[in-house]
Amino acid sequence: MSIAEQTKQPKRQIGQKNSSKKQMPKRERQEKTQKNILWIFGGAIGVAIVALILALVFNWYIPDVRPLNKVFLKIDGREYNMRYFMDTLYTYVGGGIQAYYYIDVIPDMITNNYFIVEYVKQNGGNITDKDISNYIKERGLRNNEATRDIVAAMLASQYLQNEIFKPEIGNSADQYQIMAILVESAEDVAKTIDGLADDKTWEELAFNSLNSYSKNNNAKIPWNPLPIITAPANLNSDLLNAVLTDATIGDIFSFYDADTTKNLAFWIVKVTAETNNPNNTVATRQVSVILVGSQEEADEVRAKLADGGNFAELAKEYSQHEASKDKGGDLGQVAKNDLPTIIGNYVFGIEAILDIEGTDPAPIGQISEALRDVTENTPTTGGYWVCQVVDFGANLSLTEDQISKWINIKYDALTTALNKSNESRVVNTFTDDLRQYVHDHA
């Protein structure tokens, strides 16, 4: 080998060796870069997943799903959660705006159903899971716990109707045709009887009746058995049952009924403070009220207030306003449109809606005169009946309509009695937050 060749060969070897050294770090760098890209990409995906999970938790699970597990009612220790509530609402009325009108009554409906099913089972009714499943399948209903309870209650109601109520009612009953007007005071009784003596008709005088059924029928109450005539939806007077059975046909008589309801109210009102939110677009004032059923009672309360009586204590003693009486009549901060018209006009002034600068708003601390309210939205108890038995028929045949009405009356009376006797078994925890949840998701 020539010297030249010997000289070139090491150079090639050296060159080859150097080339190898340069290639290895490059490969490592590529691998490292790839790993970094994978880590960055994986981290980005991880961050995105975490962000998605957080978004789902805060924007969906917490506001929409978690409330479904909250309990709003307990009966005998059985817990009813908001998922059950929504299923019940859907089964009865579906979604949409019509559902809003049922929100506050759903807990009562569930309670009624529970005790009706229990009552029927205790009185010979046999409601099986197979019967419930068949009913649901035949009608294409959703098969969930709430629907099954509703169907059980429907089957129980059918049993009550066919096996208990109809046999009790029979096919005939004593029936009456009467005249009846409800008035406020003994003075009004005298005026009514004097009017009849002066040849005024019942129809003419019925305009002043404080009972809607009497007023709408011009005082002439249709032929019916007494339980229908005196039912809550009609004359609403248990006492009238006993009085009419002893009455003589043609005689005009009167009596005081402390438990009947009438469409007449007297409000005694006191504004206790201005709005506590001056930035509110709608003005509010803090208001206390006492609701009574007659001018005489209103005068009695006002006299005690004038002698230094405590408004809150008198509200607890006299007021028939269930929402406020236990709080001493305090309604809290209210806007004009939150109040009955006659109270709103007194508190805020005749023209005031968005501000308090209406015509003569009530001064803070002033006790109002007795504000007479004749709307049907504020019934009170206690009134005088003026009546006459026009005709009586013993053991007259009942129509299907009469039987149906009588069954409904019996059903309502039974549910009322069951709920009252079992109050201690029920715990209602339906809060305003849960109510708002239903409103937003119905």
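**Salt bridges and surface patches**

Author: In this predicted model, the count of salt bridges comes to 13. Let's go through a few of them and then look at the surface.

Reader: What makes Asp-149 and Arg-78 a salt bridge?
Author: Their closest N and O atoms are 2.6 Å apart. The rule asks for a Lys or Arg side-chain nitrogen within 4 Å of an Asp or Glu carboxyl oxygen, so the pair qualifies. Asp-149 sits in helix 5 (residues 145-169) and Arg-78 in strand 2 (residues 78-81), so the bridge ties together parts that are 71 residues apart in sequence.

Reader: Why is Asp-149 called partly exposed?
Author: Its relative accessibility is 22%. Buried would mean under 20% and exposed over 50%, so Asp-149 falls in between. Arg-78, at 26%, is partly exposed too.

Reader: How do you know that Lys-405 pairs with Asp-401?
Author: The closest N and O atoms are 3.3 Å apart, and the cut-off is 4 Å, so this one counts. Both residues lie in helix 14 (residues 400-421), 4 residues apart, or about one turn of the helix. Lys-405 has a relative accessible area of 39% and Asp-401 is at 46%; both values lie between 20% and 50%, so each residue is partly exposed.

Reader: And what about Arg-435 and Asp-432, where do they lie?
Author: Both are in helix 15 (residues 432-441), 3 residues apart, about one turn of the helix. Their side chains meet in a salt bridge at 2.5 Å, N to O. Asp-432 has 60% relative accessibility, over the 50% mark, so Asp-432 is exposed. Arg-435, at 26%, is partly exposed.

Reader: Which residues are joined into one network by salt bridges that share partners?
Author: Asp-76, Glu-118 and Arg-425.

Reader: On to the surface: which residues gather in the patch of negative charge?
Author: Glu-296, Asp-299, Glu-300, Glu-313 and Glu-317. Helix 11 (295-306) and helix 12 (311-318) each give two or more residues to the patch, and helix 11 gives the most, with 3.

Reader: Why is Glu-317 called buried or exposed?
Author: Exposed: Glu-317, found in helix 12, has a relative accessible area of 54%, and the class starts over 50%, so the label holds.

Reader: What makes Val-105 eligible for the nonpolar patch?
Author: Patch residues need over 30% relative accessible area, and Val-105 has 34%, so Val-105 clears that bar. Val-105 lies in the loop between helix 2 (82-93) and helix 3 (106-122). Together with Tyr-100, Tyr-101 and Tyr-102, Val-105 makes a nonpolar surface patch of about 410 Å².

Technical notes: Residues numbered from 1 in each chain as written. Predicted model: local features only at pLDDT ≥ 70, side-chain atom pairs only at ≥ 80, totals over all residues. Heavy atoms only, no water. Patch = residues over 30% accessible without salt bridge, like charges linked within 9 Å, V, L, I, M, F, W, Y side chains within 5 Å. Areas by Shrake-Rupley, 256 points an atom, 1.4 Å probe, with all protein chains shown as cover. Lys, Arg positive; Asp, Glu negative; His and termini not counted. Charge placed at Lys NZ, Arg CZ, Asp CG, Glu CD. Buried < 20%, exposed > 50% of the residue type's maximum accessible area, 1.4 Å probe, protein only.
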